[in-house]
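Dear colleague,

I am passing on the structure we talked about, which is a predicted model. Please have a look at it first; my notes on what was found follow underneath.

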Amino acid sequence: MRPCELIDVVTVTVTVAQRRRRAVACTVAPVRAMRVVPGRLESAEFVWLEEPRLRVGEYLVESLLVGLCGTDRELLARTPAAEVPLTLGHESLGRVVEAPEGGRIPVGALVVGVIRGACTAACDACRVGRFDQCRSSPLVERGLYGADGYGSERWAAAEDRLVQVPQSLGRFGVLVEPLSSLVKGRDRMRAVRGTLPIANSDRLLVAGAGPIGVLAAWLFGQDFAVTVVVDPMPSDAALAALGELAWVEFTQDWATIAGTSVDAVVDCSGSPDALARSIEALAPGGVIVLEGIARDDHAGLLPAALRNLVLKDATVCATVNASRAQYAAAAQELLSAPEGFLAGLLEREIRPQEWPEWAASVKPALKTIVRFAADVAD
Ligand SMILES: [Zn+2]
Ligand SMILES: [Zn+2]
């Protein structure tokens, strides 16, 4: 038994002197972590914490990669600001270094941590393992709300918070979490289209060419002859990644969509204007999946867009978060993705100590990955 095994998890900043004392007392090493007070960008730091203490049944995981995304930026700008810091990081890839007795995931396995776990109230959804549809409030999400994330050198998690991913996936495993919500959205789109008497698969429209939009063009696009991606301000990396997909047509100009018809829409833009234009292009009986969270206040667009949806007999689906099964499905999907496409998505890497600079930067790359360990295989 580890000396600290039965002590509750606490994460506090410690001084070097304290670390020396604790190293003697607990025989475990401290870790460094990406810490921030949500809503206080200036508090971003890479700082020493106590070693994560393992509760009974928990695994100890060595961090390999952590992905940063727009959700992290929203956390940095959250209002009102929080009172206490948390460890950032909801897109993870790690390696098991210590497994509990009877654990089904072996030491050395690659794992991804899931954002939500079962709620303490054991709601109807969590009782059947669908914590992504948890009915409790407030939600607890690692790296986002009320719980430390995966942006530390080592972290602890129970088996129901872990998804083992194939070793051959290598560094691309860090894309499992962002892809998982898209897998859920594609499942829903397929389910709806399966009930339609006429479900043409000629044209798909993807609004937004950020990391999620680019992944959507690949994942959803496999079900359609042509995928049109629209983004008025794409990054060079997004254009390069989309260039790897033979079925994608890209445009910066919504005017080129006007008057055309698409069979389905995936919105990854979070832009009410883009959503209204997408609905305008949607064919009668079409399906729309919302993957972006709407920004700004464009209330005037809403009545016209809703009227359009009704008159077109459209089906609207939306997703946030994903089940463990959808995480696992995302890992399997990634195994078949073109390597050049995935490598383009992971174009920019930083070291953990550089994350405060990322937080302060204005224009992000397509996707930024924080590399904790050098030995992550491709
Ligand atoms: Zn994310
Ligand atoms: Zn619940």
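The largest nonpolar core has 93 residues, and of these V176, A216 and L334 touch the most other members. This core draws at least three residues from each of domain 1 (16–165 + 347–371) and domain 2 (179–318).

L334, one of the residues just named, touches L169, F172, L175, V176, L179 and L342 when residues up to four places away in sequence are not counted. V176 and L334 also take part in a contact between two helices, V176 on the side of α4 and L334 on the side of α9. The axes of helix α4 (residues 176–193) and helix α9 (residues 324–335) come within 8 Å, crossing at roughly 105°, which makes α4 roughly perpendicular to α9. On α4 the contact is made by V176, E177, L179, S180, V183 and K184, while α9 brings Q326, Y327, A329, A330, A331, E333 and L334. Sorted by class, the contact of α4 with α9 has eight nonpolar, two polar and three charged residues.

As for the domains, the assignment for the protein gives domain 1 (16–165 + 347–371) and domain 2 (179–318), and their centres, taken over C-alpha atoms, are separated by 31 Å. Six residues from domain 1 and seven residues from domain 2 form the contact; on the side of domain 1 that touches domain 2 there are, by class, three nonpolar, one polar and two charged residues.

Two further places deserve a note. A209 is placed in the loop between β11 (203–207) and α5 (211–219), and A209 counts as buried because it has 28 C-beta neighbours inside 10 Å, where 20 or more are required. Leaving aside neighbours within four places in sequence, A209 is in contact with V214, V229, D231, P234, A238 and L242. A209 and D267, although 58 residues apart in sequence, are 10.0 Å apart in space, C-alpha to C-alpha.

The other place is helix α7 (residues 272–281), in which A274, L275, R277, S278, I279 and A281 are buried. Among the elements that cover these buried residues of α7 are β11, β14 (262–267), β15 (282–290) and α8 (301–311); β11 is also the strand that comes before the loop holding A209.

With best regards

How values were computed. Residues numbered from 1 in each chain as written. Chains lettered and ligands numbered in written order. Predicted model: local features only at pLDDT ≥ 70, side-chain atom pairs only at ≥ 80, totals over all residues. Axes fitted to C-alpha atoms, helices over the stretch in contact; angles between N-to-C directions. Helix = DSSP H or I, 4+ residues; strand = E, 2+ residues; numbered from the N terminus. Parallel < 35°, antiparallel > 145°, perpendicular 65-115°, else oblique. Nonpolar A, V, L, I, M, F, W, Y, C, P; charged D, E, K, R; others polar. Domains from an automatic or database assignment. Buried ≥ 20, exposed ≤ 12 C-beta atoms within 10 Å, placed from the backbone. Core = buried A, V, L, I, M, F, W, Y, C linked by C-beta atoms within 7 Å.
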